[in-house]
Amino acid sequence: MVQVNGVNHVPVFCMNCGTPGGLVPEQGIYFVGWMCDSCQEKYPLPPGTCAFPDHEYNQRVAGEWAKLGPDPVAKAVELLKDDRSTLSRLAKDQPKFGK
Ligand SMILES: [Zn+2]
């Protein structure tokens, strides 16, 4: 586990080759599956799953982060406790394989 700005994060690795894929916030996460670009080009997605491009996801997170005001970490921690918040839903979706 890694702390980023006081928030616990869990490392994510490619489900096929083990390439590091960054970090996801621990709170509010119930499932994470990620496949690197190289493996995704070679192998089909697992049945019942869909791909969500990292750049598109990162743009959505950056947009939500920009709305958090002068103390974004404290506000993010608060929002991650609310399953209905957009930030909480984004945290659960990253990376989005399966639904
Ligand atoms: Zn891979």
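With 99 residues, a compact globule would be expected to have a radius of gyration near 13 Å, and the protein chain has 14 Å, so the two values agree. I should say at once that this is a predicted model, and everything that follows should be heard with that in mind. Along its principal axes the C-alpha trace spans about 45 × 25 × 20 Å, and buried residues make up 13% of the 99 residues in the chain. If we take the contacts with a separation of 6 or more, residues 24 or more positions apart account for 43% of them.

Let me turn to the secondary structure. The chain has 4 helices and 3 strands, and, read along the sequence, these follow the pattern β-β-β-α-α-α-α, so I will take the sheet before the helices.

The 3 strands form an open sheet in the order E1-E2-E3, with antiparallel pairing. Strand E1, residues 2-4, and strand E3, residues 20-25, stand at the edges with a single partner strand each, and therefore one side of each is left without a neighbour in the sheet. Neighbouring strands in this sheet are turned against each other by 45 degrees on average, if direction is ignored.

Now the pairings themselves. E1 is joined to strand E2, residues 7-13, by 3 bridges, and the two run antiparallel; within this pairing Val4 stands opposite Val7 in E2. The hairpin that E1 and E2 form has 2 residues between the strands, and Asn5, which lies in the turn, has a positive phi of about 50 degrees. On the other side of the pattern, 4 bridges join E2 to E3, again in an antiparallel arrangement, and here His9 stands opposite Pro25 in E3, while Pro11 stands opposite Leu23 in E3. The hairpin of E2 and E3 has 6 residues between the strands, and in that hairpin Gly18 takes a positive phi near 85 degrees.

That brings me to the residues that follow the sheet in sequence. Which residues does Cys39 touch, if we do not count those up to four places away in sequence? The answer is Cys14, Asn16 and Cys17. Cys39 itself has its place in helix H1, and it counts as partly exposed because 15 other C-beta atoms lie within 10 Å. Cys39 and Gly18, the glycine with the positive phi in the hairpin of E2 and E3, are 21 residues apart in sequence and 10 Å apart in space, C-alpha to C-alpha.

Met35 is found in the loop between E3 and helix H1, the latter being residues 37-42. Is Met35 buried or exposed? It has 23 C-beta neighbours inside 10 Å, and since the threshold for burial is 20 or more, Met35 counts as buried. Met35 is also 20 residues away from Met15 in sequence, and the two are 5.6 Å apart in space, C-alpha to C-alpha.

Helix H2, residues 54-66, gives us a check on geometry: at 1.5 Å a residue, its 13 residues should span 18 Å, and because its end C-alpha atoms are 18 Å apart, the expectation and the model agree. H2 is hardly covered, since the count of buried residues among its 13 residues is 0.

The picture in the last two helices includes a core. In soluble globular proteins, nonpolar side chains tend to be buried together. The largest nonpolar core in this model has 6 residues, namely Ala76, Leu79, Leu80, Leu87, Leu90 and Ala91. Helix H3, residues 72-80, and helix H4, residues 86-93, each supply at least two residues of this core. Leu79 is one of the core residues, and, leaving aside its neighbours within four places in sequence, it is in contact with Ser85, Leu87 and Ser88.

To close, then, we have an open antiparallel sheet of 3 strands, a helix H2 with 0 buried residues, and a largest nonpolar core to which H3 and H4 each supply at least two residues.

Technical notes. Residues are numbered from 1 along each chain as its sequence is written. This is a predicted model: local features need pLDDT of at least 70, side-chain atom pairs count only at pLDDT 80 or more; totals for chains, interfaces and linings use all residues. Two strands pair if DSSP finds at least two bridges between them. Axes are lines fitted to C-alpha atoms, for helices over the stretch in contact, and angles run from 0 to 180 degrees between N-to-C directions. A nonpolar core is a set of buried Ala, Val, Leu, Ile, Met, Phe, Trp, Tyr and Cys residues joined through C-beta atoms within 7 Å. A residue is buried if 20 or more other C-beta atoms lie within 10 Å of its own, exposed if 12 or fewer, and partly exposed in between; C-beta atoms are placed from the backbone. Two residues are in contact if their C-beta atoms, placed from the backbone, lie within 7 Å. The expected span of a helix is 1.5 Å times one less than its number of residues. The radius of gyration is taken over C-alpha atoms; the globule rule is 2.2 Å times the number of residues to the power 0.38.
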